[in-house]
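Student: I would like to learn how contacts between chains and salt bridges are read from a model. Could we go through them one by one?

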Number of protein chains: 2
Amino acid sequence: MTNATNPVTITAPEGVPFIDIEREFDAPVAAVYRAHVEPELVKQWLGPNGYDVEIERYDVRTGGGYRYVHTNPAGESYAFNGVFHVARPNEFIIQTFEFEGFPDVVSIESATFEDLEDGRSRVRAHAVYPSLEARDGMISSNMEVGLTEGYERLDGVLAAL
Amino acid sequence: MTNATNPVTITAPEGVPFIDIEREFDAPVAAVYRAHVEPELVKQWLGPNGYDVEIERYDVRTGGGYRYVHTNPAGESYAFNGVFHVARPNEFIIQTFEFEGFPDVVSIESATFEDLEDGRSRVRAHAVYPSLEARDGMISSNMEVGLTEGYERLDGVLAAL
């Protein structure tokens, strides 16, 4: 077990409406996948530090859906929802994503779960937005802080599994 | 009623993975929407002329899914599937789209249904692909013929409603 935190890499390539995210974990791929699909685990790490997370629904299967609400310490709430196109355990998920503050602006995201052996794994996500403006808005929404802090809490969830 | 066919406009902007489609119909928006969601109507117009269309499932609601198989006169079959993120009658649909010949390459498409008054309407679709290559592959797959011929058959379906 290392003390250093694995870095999260966020790439927003110029001119195309993509966000690519990559993060390694000092945990087996099965544990990382489980922490992405079991609502009681997702609740413990999704989003920035200090936010309340209410998971209304998290049903990871083709045609299943999710909705969750983040509430910051000032009491402001942000709701998100989507549906799952496919979910293959320990391998691959494709889902839609909508921030209800910008209704009908819906992105699609694939997440690939990779076994790195020796109890380590990697998640690579590729998110695709319906416009460059929607992608840039997501980048400027404090996304990096939310991902960095969220994945650090996920490290703790994985250590406790 | 006009004899000329309403043209379909297909735009594939350079450098971004989008396809935009626009088509007007000499029919009210409620009829055009209905022909997009009732499987027995969809079956009559979806795809190029001369193909057999088998609709295995077509369930237009949040979390609903679809799968259909096109078979050309040579007996070659092409299957497609996806899930619906949202469907608001006579207004708006967002769905995912996967050609099973390229599994896991999934696009997202929004369709806006507009009332043009005097019994006319317009459909605007915006499809977003996970890569430029996927978008270009779709454009080069005879998409224009399929859309043009399909919408002409849709005109006939609408005239008979």
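Tutor: We take the interface first and the salt bridges after it. This is a predicted model, in which local features need pLDDT of at least 70 and side-chain atom pairs count only at pLDDT 80 or more, while totals for chains, interfaces and linings use all residues. Residues are numbered from 1 along each chain as its sequence is written, chains are lettered from A and ligands numbered from 1 in the order in which they are written, and side-chain values use heavy atoms, with hydrogens and water left out.

Student: How many residues of chain A are in contact with chain B?

Tutor: Contact means heavy atoms within 4.5 Å. Here 26 residues of chain A are in contact with 26 residues of chain B.

Student: How many salt bridges does the rule find across the interface of chain A and chain B?

Tutor: A salt bridge is a side-chain nitrogen of Lys or Arg within 4 Å of a carboxyl oxygen of Asp or Glu. Across this interface the rule finds two, and Asp104(A) forms a salt bridge with Arg88(B), with the closest N and O atoms 2.7 Å apart. Arg88(B) also forms a salt bridge with Glu91(B), where the closest N and O atoms are 3.4 Å apart.

Student: Is Arg88(B) buried, partly exposed or exposed?

Tutor: Buried means under 20% relative accessible area, exposed over 50%, and partly exposed in between (1.4 Å probe, protein chains only). Arg88(B) is partly exposed at 30%, and Glu91(B) counts as partly exposed at 42%.
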